[in-house]
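Me: I would like to go through this model step by step. Let's start with confidence and then move to helices, cores and the contact between chains.

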Amino acid sequence: MTGDHQTLALLLFSAFVAVTLAITTWVSRGRQGSADEFYAGGRLFSPMENGFAIAGDYMSAASFLGVTGLIALFGYDGLLYSVGFLVAWLVVLFLVAELVRNCGRFTFADVVAARMREKPVRIAAGTSSVTVCVLYLVAQMVGAGSLVALLLGGTNGAARTWTVIGVGALMVVYVSLGGMRATTWIQIVKAVLLLSGAITLTALVLARFHGDIDQLLRTAAERSGHGDAYLAPGLKYGADWTARFDFISLGLALVLGTAGLPHILSRFYTVPTARAARRSAIWSIGLIGSFYLMTIVLGLGAAALVGSDAVRASHASGNTAVPLLALDLGGGAGSTGGTVLFAVVAAVAFATILAVVAGATLASSASVAHDLYASLRRPGARQRSEVAVARVAAVGIGAVAIALSLLASDLNIAFLVGLAFAVAASANLPVLLYSLFWRNFTTRGAVWSVYGGLVPALALVVVSPVVSGSPDSIFPGVDLQYFPLENPGLVSIPLGFLAGWIGTVTSREVPDAARHAETEVRSLTGAGAA
Amino acid sequence: MEKYDGGGGGRVRPDDPWYDALASGWGELDGTTAPAAAVPHARRESAGRTGTAAEIYLEVQRSPAFQEVRSRYRRFVFPGVAVFFSWYLAYVVTATTAPDLMARPVAGAVNIAMLAGLGQFLSTFLLTWAYARHARLRRDRAALELRWNTQEELTRESER
């Protein structure tokens with residue numbers, strides 16, 4: 001890559017950072033740091049604003065870079081991610097968005113804790129929220145690392161490390177100074193940038209093929225080196241039954257995971273009513289759906305125009321397919337158009353990473369302060385100090401995420417996100433659904449359901465081929481592999497539901513009818529909602 | 001059973017901006033034009049009787065108005081979830097177990113797999129639209145009414 005790319009991309013990116021820092025300062029001026037303000041941005045965002053912010057929170061670098069990369073390399077099998085990421089929103093819209101808005105205040109643990117003995121439930125739900133957020137953060141920061149490696153040419157270890165650290169430091173600044181209000185505006189700006197970038201590239205790809213989708217598909221299949229197999233399922237996940245089950249496991253995790261992602265759930269608290277929460281979910285489904293349709297075109301375009309081999313040569317798991325595509329669409333390496341487009345795309349991807357990372361950091365610091373700290377420390381702590389804890393927690397989580405990202409820097413980021421989704425679907429979704437819909441659910445059921453999903457999900461990853469026992473593992477030299485699937489969802493999601501059920505039916509605790517009534521009435525009508 | 005607005009004292013007027021997008025006609029199971037009006041009133045006639053917050057919630061939960069809202073919500077949502085979840089699972093399982101079937105060409109380079117994938121996008125958009133419409137026409141008005149009534153009772157209780 002030439003110096004022009006770098007300079008221009010760095011300039012654009014610095015502009016984004018400057019704008020977002022200005023937003024952070026602007027929105028946080030003169031606000032006293034109340035909990036409502038810090039965690040929920042005052043709850044007065046409009047559905048459209050929140051819809052864009054949710055889309056900005058959700059359309060991560062993993063989708064923009066990772067999914068397009070998978071489509072470029074494996075064709076149809078990459079498309080599963082796009083479909084799963086979108087269909088998952090129906091679970092959010094139908095079962096979760098409005099009810100969670102009505103029942104909770106800041107975190108999803110609020111919903112569960114309202115019916116149960118507060119302390120054990122909060123500790124369990126807080127722990128799993130933080131775990132999911134950290135996994136998600138790692139995926140995004142690995143994305144930032146590979147983007148920089150591409151930008152600076154080759155695998156420049158030091159640059160990669162410093163980028164990851166820089167991204168981590170920036171997100172801590174946004175979150176701890178600006179809270180939810182700043183995070184929301186950053187996500188809105190980013191969603192607009194990302195969608196404009198995707199629309200531009202999609203239009204250019206389609207223009208290149210004169211709008212002939214059939215031609216695009218044929219060329220992509222041809223240049224992928226796989227022929228017609230590229231357009232059918234099975235290239236990545238069809239080799240044997242292990243791979244097939246991995247595919248099903250991933251599909252399950254994607255569709256059920258979104259509704260358990262803490263940073264998505266906490267976004268619904270930023271609007272005033274359940275109806276506004278529903279309308280923001282609808283906005284985001286529209287935006288996210290269009291975006292994932294475009295990722296398909298971009299992935300196919302990268303295969304057709306850049307070629308799967310060139311994509312693979314740049315990054316083994318395809319994370320750099322879109323920037324390469326942009327370079328080609330602009331006129332190729334060395335041309336002005338190519339330089340500009342490449343720089344724009346790189347800057348947009350950076351912006352994406354920063355915004356998503358800020359959202360996940362905010363959600364996890366909220367869990368630490370509101371759920372874990374508030375349960376573990378003296379009960380009389382003032383709200384003011386809870387926000388202070390959240391600001392400090394953001395720094396700690398940033399540090400952990402940076403360290404883990406440096407370890408995992410060679411994994412495909414869409415795959416890493418798949419892991420975060422699997423953990424969210426196993427640990428968070430069962431307890432949330434049981435609390436909202438099951439009259440006899442008890443405290444023990446809630447606690448078992450969280451740990452019964454969280455522990456197997458993490459344990460299965462540790463003994464999976466991701467960590468050890470295969471050439472692509474994090475520790476290729478060690479062999480701890482006992483579980484064949486890369487994604488634990490197929491086993492751990494049913495376990496989470498099962499554990500919650502067993503915990504409930506075996507406990508002698510009598511379910512509190514009045515608090516169930518309160519949850520039910522509040523969730524469906526909004527009476528007494530914050 | 002009371003008529004809608006009967007005991008509400010006109011707090012919730014049909015021209016309330018809350019109802020900005022109220023439409024009527026399509027998708028009405030019972031064919032009424034103002035569907036939410038069919039929901040009975042939640043509040044007891046006797047204003048003198050109140051309880052603690054827990055009792056108020058229990059009472060509202062038992063009220064026919066709330067039961068109606070809840071069953072309308074569940075009657076739409078549970079079958080809806082069953083439909084899209086099994087359609088999605090069928091799609092994923094077919095893609096893995098019967099790739100040959102999915103690879104069958106339909107028109108040009110477009111095969112069954114591509115159509116099924118786009119079908120998932122389409123069904124998601126359609127269900128989103130149907131849910132929004134159902135909630136707006138069949139639930140929102142009654143839920144809001146319940147909310148005000150319940151909160152009024154709660155406020156009265158806390159002032160006591």
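Me: Which element of chain A has the highest mean pLDDT?
Reply: This is a predicted model, so confidence comes first. Chain A has a mean pLDDT of 85, and 95% of its residues reach 70 or more. Among the elements of chain A, helix α1 (residues 3-28) has the lowest mean, 80. The highest, 94, belongs to helix α19 (residues 489-506) of chain A.

Me: How far apart are the end C-alpha atoms of helix α15 (residues 336-376) of chain A?
Reply: Helix α15 of chain A has 41 residues. At 1.5 Å a residue, they should span 60 Å. The model agrees with that expectation, as the end C-alpha atoms lie apart by 58 Å.

Me: At which residue does α15(A) bend?
Reply: The bend in α15(A) is about 25°. It falls at A:V368.

Me: How many residues of α15(A) are buried?
Reply: α15(A) is largely enclosed by the rest of the structure. That follows because, of its 41 residues, the number buried is 36.

Me: Which element gives the most residues to the largest nonpolar core?
Reply: The largest nonpolar core holds 219 residues. In it, A:A302, A:L325 and A:A420 touch the most other members. The element that gives the most to this core, with 26 residues, is α15(A).

Me: Which residues does A:A302 contact, leaving aside its neighbours within four places in sequence?
Reply: A:A302 is one of the residues that touch the most other members of the largest core. With its neighbours within four places in sequence set aside, its contacts are A:T68, A:A72, A:V311, A:A321, A:V322, A:L324 and A:L325.

Me: How many residues are in the second, separate core?
Reply: Members of this second core include A:V521 and A:L524. B:I56 and B:A65 are also among them. Its residues number 15.

Me: In what order do the elements of chain B run from the N terminus?
Reply: Chain B has 160 residues, and 31% of them count as buried. Its secondary structure comes to 5 helices and 2 strands. From the N terminus, the order is α-α-α-β-β-α-α.

Me: Which element gives the most to the side of chain B that touches chain A?
Reply: The contact takes 45 residues from chain B and 43 from chain A. Elements giving two or more residues to the chain B side include α1 (53-62), α2 (64-97) and α4 (112-138) of chain B. On that side, 30 residues are nonpolar, 12 polar and 3 charged. The most, 14 residues, come from α2(B).

Me: How far does α2(B) reach from its first C-alpha to its last?
Reply: α2(B) has 34 residues. At 1.5 Å a residue, 50 Å is expected. Its buried residues include B:A65, B:F66, B:R72 and B:T96. The reach is close to the expected value, at 48 Å.

Me: Is A:H210 buried or exposed?
Reply: A:H210 lies in the loop between α8 (157-208) and α9 (213-223) of chain A. Its phi is near 55°, a positive value in a residue other than glycine. It has 8 other C-beta atoms within 10 Å, and a residue with 12 or fewer counts as exposed. So A:H210 is exposed.

Me: What is the phi of A:R43 near?
Reply: A:R43 sits in the loop between α2 (35-40) and α3 (47-58) of chain A. A:R43 is partly exposed, with 19 other C-beta atoms within 10 Å. Its phi is positive, in a residue other than glycine, and is near 60°.

How values were computed. Residues numbered from 1 in each chain as written. Chains lettered and ligands numbered in written order. Predicted model: local features only at pLDDT ≥ 70, side-chain atom pairs only at ≥ 80, totals over all residues. Helix = DSSP H or I, 4+ residues; strand = E, 2+ residues; numbered from the N terminus. Buried ≥ 20, exposed ≤ 12 C-beta atoms within 10 Å, placed from the backbone. pLDDT = per-residue confidence, 0-100. Expected span 1.5 Å × (residues − 1). Bend = angle between axes of the 7 residues up to and from the residue. Contact = placed C-beta atoms within 7 Å. Nonpolar A, V, L, I, M, F, W, Y, C, P; charged D, E, K, R; others polar. Core = buried A, V, L, I, M, F, W, Y, C linked by C-beta atoms within 7 Å.
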